[in-house]
Every structure is written in structure tokens, then in C-alpha cells.
Amino acid sequence: MDDMLGKALDQTDRAATYILDEDGRAFSLKQRGKMREILPADVSGVTSIVVTFERMDPIATYGAAIAGSVKRPTWVLGISDLLMVADLLPNPAAFHHYARLRAAMSDDGVIAACESDVLGSYFYDRVQPVLAQESDGQVVRIVGYSSGRINRYYSNREMEIAAAEAPTTGVPSNVAVALRATSDSAGWAQCAEVVMLLEPATWTKWKRFARRHKGKGEFKANERLTIIACDGQPFIESVDGVSRLGVNRAGESSVKAQHG
């Protein structure tokens with residue numbers, strides 16, 4: 001296990017070091033091949049993920065800690081779990097936020113019996129109650145069983161039950177669409193994090209605001225985010241940790257919610 005994950009973690013760390021510390025922006029498909037610039041000049045950070053072809057729940061349980069010392073927070077998982085997460089979190093903002101959270105959990109010593117428990121908890125409360133618990137390094141924090149909705153969804157889908165509905169993050173579809181459209185914008189990761197951590201009650205207020213004001217005006221979600229209903233293309237403006245997200249009011253209904 002250490003040998004298998006150790007090499008992958010080392011390679012991931014070298015790639016992150018190349019991008020962040022050495023301003024590496026060019027890559028090649030093969031050794032000594034033609035280099036291509038595929039990254040923008042400004043990169044604020046990286047999300048480290050190691051994927052194995054093995055189905056091993058201990059990976060979800062202990063993550064990168066299995067391989068010993070890890071230089072950067074890294075999410076380690078099997079390919080089948082990655083496919084499940086990508087299927088249920090198809091929106092870039094939700095997937096990115098979940099990946100960053102999972103890497104941080106491994107780095108902070110929070111464990112789970114399997115990946116679907118973490119993902120199920122993410123749909124319910126973003127795993128925040130567990131992450132908010134203080135630990136002195138001697139108390140183990142564990143994500144409890146939360147796979148029920150996910151298991152029911154895949155079982156119903158396998159049996160072709162018409163009522164099979166995938167769990168959702170609860171983010172209104174027009175907000176999710178705006179985040180998808182602005183994924184190349186400066187400040188996107190920061191804005192996505194704020195959106196994904198908003199309480200369900202905030203989205204209830206947003207829907208009420210949209211109905212009352214006929215989809216026009218500015219809605220202050222919290223101190224770090226204002227959502228602006230606009231007729232043009234979605235946009236993100238970010239200044240001093242405060243984001244403004246432009247959402248096309250003529251887009252998909254804010255009452256519906258996407259998976260991500």
C-alpha cells in the first residue's frame with residue numbers, strides 16, 4: 001500500500017510544486033515531447049487528487065495517511081468512487097468544493113468507513129458538524145453512516161424505477177449554471193466555496209426575493225457574497241474576499257436544483 005500510494009503522492013506533489021513554486025504552465029503528452037501551454041499565467045492554487053484502480057474502502061477511511069508523510073492535502077480514492085462522485089456532482093463548483101474538502105479532511109485526520117458516507121453527509125450538511133468538532137490529535141473524528149440516499153438512488157436506477165431521484169446539493173439551478181459558465185474567472189474558487197456552504201434557508205430567501213422582485217436586483221446572501229440577477233452573461237467580481245455573482249435571470253428556474 002505504501003509503495004503504491006507513495007509513488008502517486010510523490011508524483012502529484014512534484015506536479016503541484018512545478019505549477020505553484022516554479023510557475024510551470026507547459027506540459028507534454030510524453031517524455032521529451034512538444035510542450036504546450038495549457039494553464040493561465042495566474043494560478044491561485046491546486047487541488048491534489050490521487051486515483052487508484054483498486055476498490056479499497058481503507059483509502060476512503062484513512063486516505064493519504066496510509067502512505068505516511070504527505071506534503072500537501074490530498075484526496076485519495078478508488079476509480080469507482082471517483083465515478084460515483086462525478087456522477088452525483090456534475091457541476092464543476094460542487095465537485096471542486098467537495099474535492100478540496102476531502103483533501104482537507106484527510107490532512108486533518110477525519111475518517112469515514114466509505115466514500116459514499118462522506119458524499120451522503122455532504123449532500124445533507126456539507127459534513128460541517130464533524131469538521132467543526134475540535135480535536136487535540138487524540139480524539140478521532142468519524143463521519144457516520146450517510147450512504148442511504150445514494151444507495152437507494154442507485155438501486156432504484158438499476159431496477160429502472162421511475163421515481164429514482166439523485167441526491168442534490170440544493171443549490172438553485174440558475175446559480176449552478178452561472179458558476180459553470182464562469183469557471184475560468186478570477187475569484188471563481190472563492191465564490192464557489194461561499195455558494196456551496198450557504199445554508200438552505202438562504203436559498204429559500206433567494207427564491208422569495210426572485211419572485212418578489214421579478215428576478216431583478218441584488219441579493220446579499222451573506223457578508224462574502226452578493227448575487228445579482230442580470231440579463232447578460234453570468235460573471236464574477238471578487239474584491240478583498242467579497243464576491244459578486246451575476247446570474248442570468250432568464251435562465252433556468254431558480255426553484256429547481258441541479259445535482260451540483
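**Exercise 1. Gly-148 and its helix**

In which helix does Gly-148 lie? Establish whether Gly-148 is buried or exposed, then describe its surroundings.

*Solution.*
- Step 1. The model is a predicted one. In it, Gly-148 is part of helix 7.
- Step 2. The relative accessible area of Gly-148 is 13%. Buried means under 20%, so Gly-148 is buried.
- Step 3. Look across to Gly-120. Its C-alpha atom is separated from that of Gly-148 by 7.5 Å. Along the chain, the two glycines are 28 residues apart.
- Step 4. List the buried residues of helix 7. They are Gly-148, Ile-150 and Tyr-153.
- Step 5. Find the cover. Helix 3 and helix 5 are among the elements over these buried residues.
- Step 6. Check what follows the helix. Glu-160, just after helix 7, has a positive phi of about 60°.

**Exercise 2. Helix 5**

Determine how many residues of helix 5 are buried, and name them.

*Solution.*
- Step 1. Helix 5 spans residues 115–125. Nine of its 11 residues are buried, which leaves the helix mostly covered.
- Step 2. Name the buried set. It runs through Glu-115, Ser-116, Asp-117, Val-118, Leu-119, Gly-120, Ser-121, Tyr-122 and Phe-123.
- Step 3. Move past the end. Arg-126 follows helix 5 and has a positive phi, near 60°.

**Exercise 3. Helix 3 against helix 7**

Classify the packing of helix 3 and helix 7, and list the residues in contact.

*Solution.*
- Step 1. Take the geometry. Helix 3 (residues 79–88) packs on helix 7 (residues 148–158) at about 85°, and the axes are 13 Å apart.
- Step 2. Apply the cut-off. Angles of 65 to 115 degrees count as roughly perpendicular, so helix 3 is roughly perpendicular to helix 7.
- Step 3. Assign the contacts. Helix 3 supplies Met-84, Asp-87 and Leu-88. Helix 7 supplies Ile-150, Tyr-153, Tyr-154 and Arg-157.
- Step 4. Sort by class. This contact has five nonpolar residues, two charged and no polar.
- Step 5. Link back to Exercise 1. Ile-150 and Tyr-153 are also buried residues of helix 7.

**Exercise 4. Helix 4 against helix 9**

Repeat the analysis for helix 4 and helix 9.

*Solution.*
- Step 1. The axes of helix 4 (residues 92–108) and helix 9 (residues 188–196) cross at roughly 85° and come within 9 Å.
- Step 2. The two helices are therefore roughly perpendicular.
- Step 3. On helix 4, the contact uses Pro-92, Ala-93, Ala-94, His-96 and His-97. On helix 9, it uses Trp-188, Ala-189, Ala-192, Glu-193 and Met-196.
- Step 4. Seven of these residues are nonpolar, two polar and one charged.

**Exercise 5. The nonpolar core**

Which residues of the largest nonpolar core touch the most other members?

*Solution.*
- Step 1. The core holds 48 residues, and Leu-119, Val-195, Leu-225 and Leu-245 touch the most other members.
- Step 2. Helix 4 gives the largest share, seven residues.
- Step 3. Follow Leu-245. Beyond four places in sequence, its contacts include Val-175, Leu-179, Cys-191, Val-195, Leu-225 and Phe-235.

**Exercise 6. Ser-48 and the cysteines**

Place Ser-48 in the structure, and give the number of disulfides.

*Solution.*
- Step 1. Ser-48 is in strand 3 (residues 48–52). With a relative accessible area of 6%, Ser-48 is buried.
- Step 2. Leaving out residues up to four places away, Ser-48 touches Thr-12, Pro-73, Thr-74, Trp-75 and Ala-103.
- Step 3. Turn to the cysteines. The structure has zero disulfides. Cys-114 is buried at 15% relative accessibility, and Cys-230 is buried at 13%.

Definitions and conventions: Residues numbered from 1 in each chain as written. Predicted model: local features only at pLDDT ≥ 70, side-chain atom pairs only at ≥ 80, totals over all residues. Heavy atoms only, no water. Axes fitted to C-alpha atoms, helices over the stretch in contact; angles between N-to-C directions. Helix = DSSP H or I, 4+ residues; strand = E, 2+ residues; numbered from the N terminus. Parallel < 35°, antiparallel > 145°, perpendicular 65-115°, else oblique. Contact = heavy atoms within 4.5 Å. Nonpolar A, V, L, I, M, F, W, Y, C, P; charged D, E, K, R; others polar. Disulfide = S-S within 2.5 Å. Buried < 20%, exposed > 50% of the residue type's maximum accessible area, 1.4 Å probe, protein only. Core = buried A, V, L, I, M, F, W, Y, C linked by side-chain atoms within 4.5 Å.
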